[in-house]
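Got a minute to look at some holes and a greasy spot? Here's the model to keep beside you as you read.

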Amino acid sequence: MPDAARTAPASDQPAAGGEGPAGGEALVSGEAAVGGEAAVSGEAAVSKEPSASEQAAWFAQLPTMFAAAAALLTDPAGRVLLVKPNYRDHWSLAGGILEYGEPPHVGCRREVAEELGIDIEPGPLLVVGWAGPDGTRPKPIVHFVFDGGVLTDDIPIRLQASELDDYRFVNAGDLADYLPPVISARVAAALRSRGTGAAVYLPWA
């Protein structure tokens, strides 16, 4: 058989799809789409998740603030129950600083039980008060005031002797005689909120 009529070896013939630009680009493009880009995308998703130590470091550098909770307690005549701490010159609502991780309503109930010897179920939130750093207090503080309800005359009050000197029911118009301006404004706002049913945000620079 003449040489010209011989069939070229399979290795000398172009493969289906070709080994030229079309075939080569298709192969490279396929590898990039399936292997390359997917791998890169997978690596990026993993690297974006911060480690436990990175998260701890981030939380550690966040600004913090103090928090306290108190109860608005009144008698049937509408007078507000105030307590006189033995470590301050002014009066205040029954309440105090929240413990670590303590929900505000739970802290309110605990503080009232400790200071007055009565167990209440805190009602609606009346006021959220914010006050900036002041004097020896280096950080802002958030105050939560809950509705403590109406105390009838037959409810015995047992003061926490280690922290309180006295308690008194005070008319709303006389609150400024017992409380510093920031607390007086907070208590007045709590009384209004009890009437409207809407909580108030009360910032104090």
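Helices (H or I, at least four residues) and strands (E, at least two) are DSSP runs, numbered from the N terminus. Helix α2, residues 52-60, is where W58 sits. Bear in mind that this is a predicted model, where local features need pLDDT of at least 70, side-chain atom pairs count only at pLDDT 80 or more, and totals for chains, interfaces and linings use all residues. Residues are numbered from 1 along each chain as its sequence is written, and side-chain values use heavy atoms, with hydrogens and water left out.

**The surface patch**
- W58 is partly exposed (between 20% and 50% relative accessible area, 1.4 Å probe, protein chains only), because its relative accessible area is 48%.
- Together, W58, F59 and L62 make a nonpolar surface patch of about 330 Å²; such a patch joins nonpolar side chains (Val, Leu, Ile, Met, Phe, Trp, Tyr) within 5 Å, from residues with over 30% relative accessible area and no salt bridge (a side-chain nitrogen of Lys or Arg within 4 Å of a carboxyl oxygen of Asp or Glu).

**The pocket**
- A pocket is an open set of points on a 1 Å grid over the protein atoms alone, with protein on both sides within 12 Å along at least five of seven lines; lining residues have an atom within 4 Å of a point.
- The largest pocket has 34 lining residues, and R88, I141, H143, I183 and R186 lie nearest its centre.
- Elements that each supply at least two residues of this pocket's lining include β1 (66-74), α3 (104-116) and β5 (141-150).

Methods
On a 1 Å grid over the protein atoms alone, a cavity is a set of points where a 1.4 Å probe fits but cannot get out, and a pocket is an open set with protein on both sides within 12 Å along at least five of seven lines; lining residues have an atom within 4 Å of a point. Patches are made of residues with over 30% relative accessible area and no salt bridge: like charges are joined within 9 Å, nonpolar side chains (Val, Leu, Ile, Met, Phe, Trp, Tyr) within 5 Å. Accessible areas come from the Shrake-Rupley method with a 1.4 Å probe; for residues, only the protein chains shown count as cover.
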